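Me: I should like to learn how to read the features of a structural model, one at a time. Could we take a single case and work through it together?

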Amino acid sequence: MRTQAISEAQLHALADGVLPEGQRAAVDAHLCAHPQDAARVDAWREQNRQLRALFDPVLDEAVQPHLMQAASPPAANGAWQRPAMQAAAAIVLVIAGGMGGWLLRGDGGDTGDMRAASALARSAAIAHAVYTPEVRHPVEVGVAQEAHLVQWLSKRLGSTLRPPVLSPLGYHLIGGRLLPGDGDGPVAQFMYEDGGGKRLTLYVAKERAGRQETAFRYTQEKDLGVFYWIDGQMGYALSARLPKAELGKIADAVYTQLEAHG
Amino acid sequence: MTTPEDSRQLQACLPGLRRYARALVGGLQADDLVQDTVERAWRKLGQWQRGGEMRPWLFSIMHNLHLDQLRRPGLALQELDDDSVLPAPERAPGQAIAIGEMDAALARLPLGQREVILLVALEQMPYEQVAATLDIPVGTVMSRLSRGRDKLRTLLDGRPAGSQGGGPPTLKVVK
């Protein structure tokens, strides 16, 4: 005899450990009378156990830095909390403060495009200050996997990216990473290094459609210089601790190569 | 406005989101799905009612994103015939299931059934919360759970559910 009152939902509740205690006796009685239902409940329990055994280890994996960062508000970047970043953080605060003042000065204009370009330079400078001092993990994906790096970052930004070749100027690509942007989706940072370990970064952000193109602009905070420009849908910022003329030469080369491919 | 508390809650949900995504879409796409979820969560933070639980809200964002991705043109999708059965795996009784075998079995479940099973088994979400997360009635959660669990059993055991007991399951799905 089947007990009318027992529903399939109660069997699931039993397997999932959420059956109210008051219903337990009736469900147990049903299972005694219906071994095939008892076997189902056992199999479901076993499935739960197997799924947890197989996938729970994911909980213990270190969450990748870019995910932690994505989970931090863009303005108060989670990278600050990582011990490896703390030395850089002090520098960054100085830069952010200094550039904030520079932004308030307005740079001679007040259009939305200029504000977007300024924000781009500021974000690029902060990202440069955070990641270039890293010894072991300056980049998320190294140049050994350049094809994957370019494909991945292109996919994430939704535009085909081509990191420029700067070896004629003495800088070689060492890799890149994905960073949270200021609200228009993720941005990419490519990092280059010269033979002496001096690093420069190219920060690439997808700008909102309809932005005007801008000429080269330059800003400097202490010894960190940034050349930046918006070209079509993309915003670029090249940062390094180099004299303006030297950085300008590299920015020219970057611009020329991007134009050639654009 | 975002607060450090929002960020803390979001970060606390990351391991769970990664585990679910890993089981839902496999290892290659899981982290991209998590990252897209977190980015969309920031953009939509204003729509999240503070004081409510963040976890179901995040899983619901992930569910919608995943559906969006599947709808994108260029992906050939084939819904598997519900009666299709995998060849019986070569595994001694009682031997642990390998993750690849579980991945293959999960991939053969219709998406709706897979989602319900994983939210219940891994997240241990109450059925009502699963319903709210996936925006479906609780009755649908229960029927997907029944069909999905029986099918998963068939896939993993290589034999139809209930075959050893003679006859189909005896209870009707109560909606």
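**Reading helices, sheet and contact**

Reply: Let us begin with burial: in this predicted model, 14 of the 20 residues of α7(B) are buried, so this helix is largely enclosed by the rest of the structure.

Me: What span should the 20 residues of α7(B) have, and how far apart are its end C-alpha atoms?

Reply: One multiplies the rise per residue, 1.5 Å, along the helix, which gives an expected span of 28 Å for α7(B). The end C-alpha atoms of α7(B) are 28 Å apart, in agreement with that expectation.

Me: Which residues of helix α4 of chain B are buried?

Reply: In α4(B), residues 99–107, the buried residues are B:Met102, B:Ala105 and B:Leu106. They lie on the same side of α4(B), because the arc that they cover around the axis is only 100 degrees.

Me: Against which elements do the buried residues of α4(B) pack?

Reply: Their partners come from both chains: α3 (35–55) of chain A, and α1 (4–25), α5 (111–121) and α7 (138–157) of chain B.

Me: How many residues does each chain bring to the contact between chain A and chain B?

Reply: The size of an interface is often given as the accessible area lost when the parts come together. Here the description is by residues: chain B supplies 37 and chain A supplies 37. On the side of chain B that touches chain A, the elements giving two or more residues are α1, α2 (27–43), α4, α5 and α7 of chain B. α1(B) gives the most, with 10 residues. By character, the residues on this side of chain B comprise 21 nonpolar, 9 polar and 7 charged.

Me: Let us turn to the sheet. What is the order of its strands in chain A, and which strands stand at the edges?

Reply: The sheet of chain A is open, has 7 strands with antiparallel pairing, and follows the order β1-β2-β3-β4-β7-β6-β5. The edge strands are β1 (141–142) and β5 (217–221) of chain A; each has a single partner strand, so one side of each lacks a neighbour in the sheet.

Me: Which helices pack on the sheet?

Reply: Helix α8 (residues 146–157) of chain A packs there, touching β1, β2, β3 (187–193) and β4 (199–206) of chain A, and its direction makes about 30 degrees with that of β2(A). Helix α9 (residues 244–261) of chain A also packs on the sheet, touching β4, β5, β6 (224–231) and β7 (234–240) of chain A; the direction of α9(A) makes about 25 degrees with that of β6(A).

Me: How does one follow the pairing of individual strands?

Reply: One counts the bridges and notes which residues face each other. β1(A) pairs with β2 (residues 172–179) of chain A over 2 bridges in the antiparallel sense, and A:Gly142 stands opposite A:Gly175 in β2(A). β2(A) and β3(A) are antiparallel over 7 bridges, and A:Gly176 has A:Phe190 in β3(A) as its bridge partner. β3(A) and β4(A), also antiparallel, are joined by 7 bridges, with A:Val187 opposite A:Ala205 in β4(A).

Me: How many residues lie between β3(A) and β4(A) in their hairpin, and is β3(A) mostly covered or uncovered?

Reply: The hairpin has 5 residues between the two strands, and A:Gly197 in the turn has a positive phi of about 85 degrees. β3(A) is mostly covered, with 6 of its 7 residues buried.

Me: Why does A:Ala121 count as buried?

Reply: A:Ala121, in helix α7 (residues 112–131) of chain A, has 26 C-beta neighbours inside 10 Å and therefore counts as buried.

Conventions:
Residues numbered from 1 in each chain as written. Chains lettered and ligands numbered in written order. Predicted model: local features only at pLDDT ≥ 70, side-chain atom pairs only at ≥ 80, totals over all residues. Buried ≥ 20, exposed ≤ 12 C-beta atoms within 10 Å, placed from the backbone. Helix = DSSP H or I, 4+ residues; strand = E, 2+ residues; numbered from the N terminus. Arc of directions from axis to C-beta. Contact = placed C-beta atoms within 7 Å. Nonpolar A, V, L, I, M, F, W, Y, C, P; charged D, E, K, R; others polar. Expected span 1.5 Å × (residues − 1). Pairing = 2+ DSSP bridges. Axes fitted to C-alpha atoms, helices over the stretch in contact; angles between N-to-C directions.
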